[in-house]
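Notebook open, coffee on the desk. I want to look up how the strands sit together, and then follow one helix and one side chain.

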Amino acid sequence: MLGKQVLLKACKAAASWPATASGRLSRVSVNIATDQIKDPGFAGLVESILAGTGLAPTRLELEITNSPTLEQSKVAIETLQALKYMGVQLSIDDFGTAQSSLAQLRLLPLSRLKIDQSIIRDMARDRGSMKIIQGIIQLAGQLGFSVLAEGVETERQAEMLRAAGCEEAQGHYFSESLRESELKRQLNVPQAALADGRMAG
């Protein structure tokens with residue numbers, strides 16, 4: 001199964017990553033398909049992979065693709081609850097798009113909302129996009145979720161997100177795509193601290 005091999009490879013790689021220069025351990029994010037979540041054996045598979053690779057559950061983030069039917073599946077909700085109980089981080093990818101559902105925030109045991117890059121792209125010139133971002137951040141805070149902004153490409157975007165209270169971000173402003181060897185090297189370089197996408201300070 002391709003999904004299993006991708007997850008195994010990602011967890012194995014992350015388990016070998018050094019701490020950042022600040023002593024922080026990085027997490028690895030893996031996209032999972034709705035069909036995987038609806039598989040009754042998926043939580044057991046994740047638990048087995050974590051045990052086999054030695055990766056702490058809190059360092060694994062599973063990104064769930066928006067699906068309007070996900071919250072209607074009893075198996076999917078039970079799978080996500082089992083993963084959350086293990087300590088695995090769960091996030092909704094591309095939040096703020098047409099398929100986003102407020103019901104998912106109420107029914108799914110999430111850890112993080114990832115704001116879609118299309119909203120981030122327009123934030124500097126569109127007051128409506130900025131208000132949506134502020135609303136998502138406020139809602140997430142009330143529900144106990146953290147927020148990550150996707151597709152940050154400019155210093156201006158990073159500044160606006162920081163001012164709005166967004167604590168994490170990813171995108172080319174922080175780092176281009178890196179090979180694993182280069183990522184390991186940068187994790188221990190102080191001047192590369194921005195590469196992990198932390199927005200605080």
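Before counting anything, I noted the rule that two strands pair if DSSP finds at least two bridges between them. Helices (H or I, at least four residues) and strands (E, at least two) are DSSP runs, numbered from the N terminus.

My model is predicted, so I keep in mind that local features need pLDDT of at least 70 and side-chain atom pairs pLDDT 80 or more, while totals for chains, interfaces and linings use all residues. Residues are numbered from 1 along each chain as its sequence is written, and side-chain values use heavy atoms, without hydrogens and water.

**Sheet.** I found six strands in an open sheet, ordered β1-β2-β3-β4-β5-β6, with parallel pairing. At the edges I see β1 (28-32) and β6 (168-169), each paired on one side only. I then checked β4 (residues 112-115) and β5 (residues 146-149): four bridges join these parallel strands. Lys114 has Leu148 in β5 as its bridge partner.

**Helix α3.** Which residues of α3 are buried (under 20% relative accessible area with a 1.4 Å probe, protein chains only; exposed is over 50%, partly exposed in between)? I listed Phe42, Ala43, Leu45, Val46, Ile49, Leu50 and Thr53. They share one side of α3, because their arc around the axis (taken from the directions from the axis to the C-beta atoms) is only 160°. On the face turned away from that buried side I found exposed Ala51 and Gly52. Just after α3, Gly54 has a positive phi of about 80°.

**Gln89.** I located Gln89 in strand β3 (residues 89-95). Leaving out residues up to four places away in sequence, Gln89 touches (heavy atoms within 4.5 Å) several residues, including Pro57, Leu60 and Arg112.
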